[in-house]
Amino acid sequence: MAKETGKAFDLTLFRRVMAFTRPYRATFLGTAFAAILLTAFAVVTPMLLREIIDNAIKVQDQPYLLNLCLAMLGVLIGQVVCQLLFTYYANWLGESVIRDMRVKLFRRMLGFRMEYYNKSSIGVLVTRAVADMQRIGEIFSQGFFMIVADLLKMLAASAVMLIWNWRLALIVFAILPIILYATRVFQKKMKSAFAEVRAQVSRLNSFVQERLTGMKIVQLFNREATESRKFRDINKKHQDAWLKTVWYNSFFFPIAEIVTSIAIGLVAWYGGLQNISNIQTENMGIIFGFILLIEMLFRPLRQIADKFNTLQMGMVAAGRVFGILDTESRIEDAGTLNLDHVEGAIEFKDVHFSYVPDEEVLHGISFSVQPGEKVAIVGATGAGKSTIINLLNRFYDIQSGEIRIDGTNIREYQLASLRGNIAVVLQDVFLFADTIGNNITLQDPEIPQEDIESAARAIGVHEFISSLPGGYSYNVKERGSMLSSGQRQLIAFLRAYMRNPGILVLDEATSSVDTYTEQLIQKATEKVTEGRTSIIIAHRLATVKKVDKILVMDAGHIVETGTHKELLKKKGYYSKLYEAQFMAEEELA
Ligand SMILES: Nc1ncnc2c1ncn2[C@@H]1O[C@H](COP(=O)(O)OP(=O)(O)OP(=O)(O)O)[C@@H](O)[C@H]1O
């Protein structure tokens, strides 16, 4: 697993990031070449200026002056074109790398076990896939190539200075430590200021996100004024943190300008002195050339630390993303059998399971379901009912025992074929922010609209869907918030029915719904479970009365088995549960 090693620069990690540029080698080399060309153009400009002053203006050679000015214009155009291509392709490369990396990361995430998601913060994973990726892109768009280009420019400028006049060059170099020191102090201050800004931004983010999600509670408990006050405080801190960075910036840049001007002044003064005392008579062109070279040396120097920071931050982000890419949390998919012609016999044999090591949730569960049979599981909250569903479609693998479908261990089936033949309707139905049609087909374009409608008619939900504005095109918005929980479950029934699964698993909603929706749910349940093996986590009397068998669970054990009548006669755990859970419903009926 890639780690944040704490090293100033992690070469292995850097190589791994660079490996993502392999498909774009030509662009990579082209961008590097543009960086070299940019340096060449940048150095030629002061050289031309020197030539113009010394060998054209001084000797009044007009044609030569014109030629040199045209050459200068040519260099300038070349520089602009090169800069444009350089900036565009450095960014293009960064965006291409993060596109590929993001796709790879998302594919990886699609295959992770549920355990992984139980342990991970969704917010952190979203940050990895979005914000951290952007940082990695900046390695290319603002870090690596820019640093190479800046270093080349600085080296070239220093070399030309030394060749032209080593005394003047030494004067310039003597100023360098001041600017280096100022830059270092500035960087340190900015680093802590930016850390504060980031902390305040994430506080703002989580505050706003949480309050918007929990707006109902805020309004129900009249918390508006308090929340508004808290928000004002956080906002103020956020403003202060930003202003600090602005303050340091406003300080540093004038100082850097002053130091640059001092270097220019010293060169002009000392070079001028040499001219006057005739130590060297060719200094005029050199002095002007030096002014450009000083800019060429100092400007990148002031920014290189910033770019190195960007590079470092990109590398830290890359380390985190690789951490996820290297995580081994896939559910094993070594089975070879296909479950397409499922009979529907299910068998749990002495199944032991724990989500967390040493905290067993199912303690040796055994039961069997015949093909076409309807079985209800009942039990108090936390008894382990949903866990059984999670195990049947292998969201989790069991620690010991065996789960069989049609006499074969479920691990021997291909995972996709296993899950493709078990349709699940969960209690809390998740709908995507999309149309009802797309939520039913899960965007499978091969399913024709007529099929959806005839399936909806068959289970009795067509009228309800048609009554919504836009019918099947009705957009249910984020998490299906435009529908009630009962209505969401009806959509899930249709989604399951469309797949024509061999086995149906249904976790009935506990929430009470209106009589009309209740009737729709009852009809849909009957239709969807008709003629197929069904396991229902039952919360409704109508369901427990109609099933072939009830499994009664308590604290990870099956404590009783039988039909509703048989179990009532027994006057055991079920009859107590019945009194507590279903009696009121019976009385109402
Ligand atoms: N993802 C998980 N990680 C760790 N423990 C879990 C997880 N999911 C459930 N559990 C634990 O497993 C036990 C059984 O939970 P399960 O959800 O199967 O119960 P249930 O009978 O379906 O309850 P309910 O009727 O409230 O849905 C509980 O003690 C619960 O705390």
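**Exercise 1. Find which residues of helix H14 meet which residues of helix H16, and describe how the two helices cross.**

Solution. Start with the contact itself: from H14, Asp 451, Ile 452, Ala 455, Ala 456, Ala 458 and Ile 459 meet Phe 493, Leu 494, Tyr 497 and Met 498 of H16. Next, sort these residues by class: nine are nonpolar, none is polar and one is charged. Then turn to the geometry. H14 spans residues 449-459 and H16 spans residues 485-498; their axes come within 10 Å and cross at roughly 115°. Finally, the handedness: H14 passes H16 in a right-handed crossing. The model used here and below is a predicted one.

**Exercise 2. Decide whether helices H2 and H3 run roughly parallel or antiparallel, and classify the residues between them.**

Solution. First, locate the helices: H2 covers residues 25-57 and H3 covers residues 62-110. Second, take the packing values, an angle of about 160° with axes 8 Å apart. Third, apply the cut-off: angles over 145 degrees count as roughly antiparallel. The angle therefore makes H2 roughly antiparallel to H3. Fourth, the residues of this contact divide into 26 nonpolar, seven polar and one charged. As for handedness, H2 passes H3 in a left-handed crossing.

**Exercise 3. Describe the surroundings of Ile 377, and state whether it is buried or exposed.**

Solution. Begin with the place of Ile 377, which is in strand E3, residues 374-379. Its relative accessibility is 0%, so Ile 377 counts as buried. Now list contacts, leaving out residues up to four places away in sequence: Ile 377 touches, among others, Lys 385, Ile 388, Ile 535 and Met 553. Last, compare sequence with space: Ile 377 and Ile 550 are 173 residues apart in sequence, while their C-alpha atoms are 5.8 Å apart.

**Exercise 4. Work out how many residues of helix H11 are buried, and find what follows the helix.**

Solution. H11 runs over residues 385-392, and seven of its eight residues are buried. The buried ones are Lys 385, Thr 387, Ile 388, Ile 389, Asn 390, Leu 391 and Leu 392. Two of these names, Lys 385 and Ile 388, also appear among the contacts of Ile 377. Just after H11, Arg 394 takes a positive phi of about 55°.

**Exercise 5. Check two annotated transmembrane regions against the model.**

Solution. The unreviewed UniProt entry annotates several such regions, including residues 168-186 and 246-271. In the model, residues 168-186 are 100% helix and 0% strand, with end C-alpha atoms 28 Å apart. Residues 246-271 are also 100% helix and 0% strand, and their end C-alpha atoms lie 37 Å apart.

How values were computed:
Residues numbered from 1 in each chain as written. Predicted model: local features only at pLDDT ≥ 70, side-chain atom pairs only at ≥ 80, totals over all residues. Heavy atoms only, no water. Axes fitted to C-alpha atoms, helices over the stretch in contact; angles between N-to-C directions. Helix = DSSP H or I, 4+ residues; strand = E, 2+ residues; numbered from the N terminus. Parallel < 35°, antiparallel > 145°, perpendicular 65-115°, else oblique. Left-handed = near helix turned anticlockwise from the far one by under 90°. Nonpolar A, V, L, I, M, F, W, Y, C, P; charged D, E, K, R; others polar. Buried < 20%, exposed > 50% of the residue type's maximum accessible area, 1.4 Å probe, protein only. Contact = heavy atoms within 4.5 Å. UniProt positions renumbered as here; feature names shortened; annotations may be inferred.
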